[in-house]
Amino acid sequence: MRVLLTGHQGYLGTVMAPVLTAAGHEVVGLDAGLFADCVLGPAPADPPGHRVDLRDVTAEHVAGVDAVIHLAALSNDPLGSLAPDLTYDINHHASVRLARLARDAGVRRFLYASTCSVYGAAGGDDLVAEDAPLRPVTPYAESKVRVEDDLHALADGDFTPVFMRNATAFGYSPRLRADIVLNNLVGHALLSGEVLVLSDGTPWRPLVHAADIARAFTAALTAPREAVHDRAFNIGSEINNVTVAEIAEQVAEAVSGAKVVITGENGADPRSYRVDFSRFRAAIPGFDCEWTVKQGALELADAYREFGLTREAFEQRFTRLAVLRAASDAGAVDDTLRWRR
């Protein structure tokens with residue numbers, strides 16, 4: 001299958017591309033390249049691809065493609081809150097435009113990287129399934145809800161959108177992100193000796209390893225149409241439904257000598273949800289996630305040590321908001337986050 005993978009030079013795309021290739025697919029990438037240099041360790045071998053802003057995609061980019069895996073987005077909540085208009089332009093409008101172009105070009109399957117944060121203010125201890133009310137509390141999560149709604153309207157007998165609601169990702173990627181919870185806490189532990197938690201530690205978070213996300217997308221790509229057509233799936237494992245305080249304790253076990261410090265200075269986080277992941281396992285018999293939070297913390301600690309993570313790189317090169325601010329301050333991108341010619 002010829003697969004267009006958007007965001008192939010991002011945190012998840014860099015892990016997913018070789019998994020797709022190993023499964024026998026021909027992968028073509030599409031990425032603006034904003035984070036292509038955010039590399040920790042050996043430089044990844046990218047598939048051939050297009051260096052293009054998602055907002056500038058044309059019919060030519062989807063010609064001859066059997067399926068699209070759409071990962072590209074402004075990818076975290078602080079960034080979305082800093083520039084909500086850009087979040088909606090890129091994450092919502094450009095995503096739906098890509099889907100329309102794909103459908104018109106004869107692409108039959110469109111796997112969309114949504115998020116469990118669409119449940120944002122679910123609260124309580126009950127497991128949240130895909131039919132639960134959506135309560136996004138950030139522009140990032142709201143943009144995902146809007147795309148799901150618009151892709152649902154595009155679904156027909158020839159075009160199958162699938163909504164992959166990923167739990168919060170963790171784990172090593174050659175293109176690292178340090179601004180997601182487990183990756184961040186392990187970095188702080190190694191660099192400062194403290195596992196620093198700014199909330200009160202009580203919110204629930206569902207986590208999933210980047211490699212398990214890659215495996216899930218690869219499985220959904222070739223699943224029977226009737227199993228996935230126009231359906232939402234939570235991607236993760238119930239064993240990785242953990243509180244932020246529990247994540248911190250796992251990190252302290254992985255980083256010898258690190259001390260958990262819960263300051264509570266940011267107060268209670270309204271985003272709290274435990275997630276039911278059984279629908280995807282039912283749709284894809286034999287699939288289950290392989291990585292636990294503890295294993296991910298150990299993997300990250302080993303990678304950070306092996307590749308010499310520094311505080312400057314941790315806070316600047318591997319933090320999305322800092323990377324974009326630096327590019328803007330240097331005049332490399334304009335105020336719409338487009339590369340200057």
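Colleague: What does the side chain of Asn91 reach, and at what distance?
Modeller: In this predicted model, the Asn91 side chain reaches the backbone nitrogen of Leu74, at 2.8 Å.

Colleague: Where does Asn91 lie?
Modeller: Asn91 lies in helix 4, residues 84-104.

Colleague: Is Asn91 buried or exposed?
Modeller: Asn91 is buried, because its relative accessible area is 1% and the cut-off for buried is under 20%.

Colleague: Changing topic. How many disulfides does a search of the whole structure find?
Modeller: The search turns up zero disulfides. Cys116, for one, is in no disulfide, and the nearest cysteine sulfur, that of Cys289, is 11 Å away.

Colleague: And from the side of Cys289, why no bond?
Modeller: The closest cysteine sulfur to that of Cys289 is in Cys116, and no bond forms because 11 Å is too far. A disulfide needs the two sulfur atoms within 2.5 Å.

Colleague: Are Cys116 and Cys289 buried or exposed?
Modeller: Cys116 counts as buried, at 1% relative accessibility. Cys289 is buried too, with a relative accessible area of 14%.

Colleague: How many cavities of 30 Å³ or more are there?
Modeller: The search of the whole structure finds one. The largest cavity holds about 40 Å³ of space.

Colleague: Which residues line the largest cavity?
Modeller: Its lining is Asn234, Ile235, Gly236, Phe277, Phe280, Arg281, Phe287, Asp288 and Cys289. Strand 11 and helix 10 (278-283) are the elements that give two or more residues to that lining.

Colleague: How many of the lining residues of the largest cavity are nonpolar, polar and charged?
Modeller: They divide into five nonpolar, two polar and two charged.

Colleague: Back to strand 11. Why call it largely enclosed?
Modeller: Strand 11 covers residues 231-235, and four of the five are buried, so the rest of the structure largely encloses it.

Colleague: Which strand is joined to strand 11 by five bridges?
Modeller: Strand 7, residues 160-166, and the two run parallel. One pair to look at is Arg165 with its bridge partner Asn234 in strand 11. Asn234 also appears in the lining of the largest cavity.

Colleague: What about the loop between helix 8 and strand 11, which residue lies there?
Modeller: Asp230 lies in that loop, with helix 8 being residues 225-228. Asp230 has a positive phi of about 55°, although it is not a glycine. Most residues other than glycine have a negative phi.

Colleague: What is the phi of Leu337?
Modeller: Leu337 is not a glycine either, and has a positive phi of about 65°. Leu337 is found in the segment after helix 13 (320-329). At 11% relative accessibility, Leu337 counts as buried.

Colleague: Now the pockets. What volume does the second largest have?
Modeller: The volume of the second largest pocket is about 200 Å³.

Colleague: Which residues line the second largest pocket?
Modeller: Ala32, Arg51, Val52, Asp53, Asp56, Arg338, Trp339 and Arg341. By class, that lining has five charged, three nonpolar and no polar residues.

Colleague: Last one, helix 7. How many of its 13 residues are buried?
Modeller: In helix 7, residues 210-222, 10 of the 13 are buried, and the helix is mostly covered. Among the buried residues are Ala210, Asp212, Ile213, Phe217 and Leu221.

Note on methods:
Residues are numbered from 1 along each chain as its sequence is written. This is a predicted model: local features need pLDDT of at least 70, side-chain atom pairs count only at pLDDT 80 or more; totals for chains, interfaces and linings use all residues. Side-chain values use heavy atoms; hydrogens and water are left out. Buried means under 20% relative accessible area, exposed over 50%, partly exposed in between (1.4 Å probe, protein chains only). On a 1 Å grid over the protein atoms alone, a cavity is a set of points where a 1.4 Å probe fits but cannot get out, and a pocket is an open set with protein on both sides within 12 Å along at least five of seven lines; lining residues have an atom within 4 Å of a point. Grid points are joined across faces, edges and corners, and a volume is the space filled by probe spheres set on the points. Ala, Val, Leu, Ile, Met, Phe, Trp, Tyr, Cys and Pro count as nonpolar, Asp, Glu, Lys and Arg as charged, and the others, Gly among them, as polar. Two strands pair if DSSP finds at least two bridges between them. A polar contact is a pair of N or O atoms within 3.5 Å; within protein, one must be able to donate a hydrogen and the other to accept it, and residues adjacent in sequence count only if both atoms are side-chain atoms.
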